[in-house]
Amino acid sequence: MTTILSAQALSVARSGQQVLRDVSFDIEQGEVHALLGGNGAGKSTTLLTFLGFLSPASGSAQVQGREACDNIAAARQAIAYLPESASLYGHLNAYENLRYFLSLAKAEAHQPALDTALERVALQADAREMRMQTYSKGMRQKVAIALAILREAPILLLDEPTSGLDPAAIDEFNRLVRDLAENGRTILLVTHDVYGACHVADRIHLLHKGELVGTFDRPAGMNRIDTEAVHAAFATHSSA
Amino acid sequence: MMSGLLSIARAEWQFWLRSRLAVGALLIFALLLVATSLVTALRMSNAQHERAHQQTAAEETFLSQPDRHPHRMVHYGHYVFRIPPPLSIIDPGVDSVTGQSMFLEGHRQNTAMFADARASAELGGFETLTAALAYQLFLPLLLIAIGHGLIIREREENTLAPLLAHGVTGIQLYFAKWMALAGASLAMLLPLAVMCAYAFFQDSAPLASAGVIGIYALYLLVWCSLILLVSSVVRSRSLSLGILALVWLSAALIVPRIAVESASSAVPAPGKLETDYNMQAELREVGDGHDAGTPRFLQLQADLLAEYDATRLEDLPVNFRGVVAQVAEADLTEVMNRHADARMALEADQARIAASFGWLSPVVAVSAGSRALAGTDLATHHQFLRKAEAVRFDFVQGLNRVHTEQLAYSDDINRSTDAEAERRARMSADNWNVLDQFVFKPDAGGERLARAYQPFAMLIAWLLVLSAIGIRIARRVQP
């Protein structure tokens, strides 16, 4: 197996405050990992560090074996990033948004591929040519997920990807993530949703106040991580 | 890389075209530009034809005067008009504050006069809203309105992180946004380009016409850089708008006012009464050319009699009164020119000091450059005054020569008592041809361009400094 993402003794400070402390984990190709934790746990900071937006105060954050902050362009080329709030342009429609971002990433944007991706995220056909300022949060999130798929990047960093989605869409999304992983994509997602994380991830890293306080693996032969155990650990740290 | 930049710029244009506020502002400003351009062009074009017609009429009137005593023609005088150059349809410059016509006569240099207001509406000051002013003052406001959120909007709407995550660097983003705003501002130069093309076909001064387009393009690019810089630094659109409004206020209104006040304080100009009083005192010492009996001219009389070995003025081959008129005119003119040169030097110094404030305000720089290139600046007005004075001196001395050489002294002194002498004292109207045709044209395009080098240098410096700071900040753009 090839290590695609690697955090080793990673510490990051933002505005003079330590937000990640000595965090270490590796993600192999085709794996889905979830970062779980409350607000301010350092989940989004971890993603931003892999994207090269933040530099480690100590330790390392590597993408495909190279230090992200020293190889920013290469890291961003390899990563499709879905930010916390689906950040797309309201004055453009779904197709225009997809074409715009794909052109920036120098990726192909053929119409059939766009339609296929939008169908995979179940965005209604009649909404695709409407400006996104008329979309609900869930619809915007679907387009953002479609964009991440279309990038065809080997790594997906997803920040709260199911936020705003209805239960059916969440199930569909989870299936999509597993499908992408089986096709060799490496996925690191950030979530508050214990249940969803247990269903979709191969491994969960529990973060609390910038520290890695627990790791939970999917047992061999099982289709999900033990939700009860993760819940218990999450609740313990949340009340601490 | 270029396609990525164009994609971002295109998305920005789409944003403006799909925003009612931006489209409304664009339409209003486009209308304002077209309207002011059209009104200024019509007004100045009308002034060109009117003054050209008046110039011809004045010359015809002078030349059609009947036979008469030449000194009466000296006082009959002549009018000269400053015909606005073709590029004045963009920037009338000092035209409305320096006067556009002069009455030329013997023994005095009159100040330039103003044309009558053609309509009472002009008394309200609306005629000062020119195309140049619309470009210098109002177009930056439009750019601020549509551009103040260029970068900050990406941050506020959380699209900055995805943009950067898609491989766009801070500098690429900065440059693409600059291209978007620059493209919009350069599109607004279309009415100006049309007027420059029209002016080019009027006087074939391609360098000046190109220079006008160049300096306004440079000026707008400075504003684009300034707007983008503020939009990159601040953390909210409202703050960006507030800061840019303050920058506009100081650049467009406060600094130009300070520039004028500083120039007046640094180079104090005496009032007209004081200047005229001092000059009149000197002129009195020169003597009155109408009175050949003043002590100064008695010496001239003695010298002439000695030169021609004559005992009476009637025996001289020249008319002594004409000689006195010639000498007095030359001496008076020397004094008047000295005072005029001093006044013009002082005005030029004040203008130079005021223009140096272009280092602090691009509005001051572009207005100085625009006037110089259009041929409507103070230097051109001074050239008009000098040329008018040269014409005045030539025709007055030409008439004095007729007085000296063709009119007998005895007829001259007896014409009020002797009807026959009075008849002979009337010189043929053919002599009025001493009047040169007055044609005033501003400097050639190359010279005007050379005169605008400092405003160009100022705007280039503004652009370079703002770009350098902008690039430095763009390198560190983070979501």
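**Cores, a helix pair and a chain contact**

Reader: Which residues touch the most other members of the largest nonpolar core?
Author: This is a predicted model, and in its largest nonpolar core of 170 residues, A:Leu51, A:Ile79 and A:Ala146 touch the most other members. Helix α10 of chain B, residues 206–233, gives the most to this core, with 16 residues. Apart from this core lies another, of 20 residues, including B:Phe384 and B:Leu407.

Reader: What makes A:Ala146 a member of a nonpolar core?
Author: A core joins buried residues of certain types, Ala among them, through C-beta atoms within 7 Å. A:Ala146 belongs to the largest one, so A:Ala146 counts as buried. Its contacts beyond four places in sequence include A:Leu98, A:Leu118 and A:Val121.

Reader: How do you know that α3(A) and α5(A) meet?
Author: Contact needs C-beta atoms within 7 Å. A:Ala94, A:Asn97, A:Leu98, A:Phe101 and A:Leu102 in α3(A) meet A:Val143, A:Ala146, A:Leu147 and A:Leu150 in α5(A). The helix axes are 10 Å apart at an angle of about 35°, and the crossing is right-handed.

Reader: Why does that contact have one polar residue?
Author: Ala, Val, Leu and Phe count as nonpolar, while Asn falls under the others, so A:Asn97 is the polar one. The class count is eight nonpolar, one polar and no charged residues.

Reader: What makes up the side of chain B that touches chain A?
Author: By class, that side has eight nonpolar, 10 polar and two charged residues. The largest share, six residues, comes from α1(B). Across the contact, chain B gives 20 residues and chain A gives 18 residues.

Note on methods:
Residues are numbered from 1 along each chain as its sequence is written. Chains are lettered from A and ligands numbered from 1 in the order in which they are written. This is a predicted model: local features need pLDDT of at least 70, side-chain atom pairs count only at pLDDT 80 or more; totals for chains, interfaces and linings use all residues. Axes are lines fitted to C-alpha atoms, for helices over the stretch in contact, and angles run from 0 to 180 degrees between N-to-C directions. Helices (H or I, at least four residues) and strands (E, at least two) are DSSP runs, numbered from the N terminus. A crossing is left-handed if the near helix is turned anticlockwise from the far one by less than a right angle, and right-handed if clockwise. Two residues are in contact if their C-beta atoms, placed from the backbone, lie within 7 Å. A residue is buried if 20 or more other C-beta atoms lie within 10 Å of its own, exposed if 12 or fewer, and partly exposed in between; C-beta atoms are placed from the backbone.
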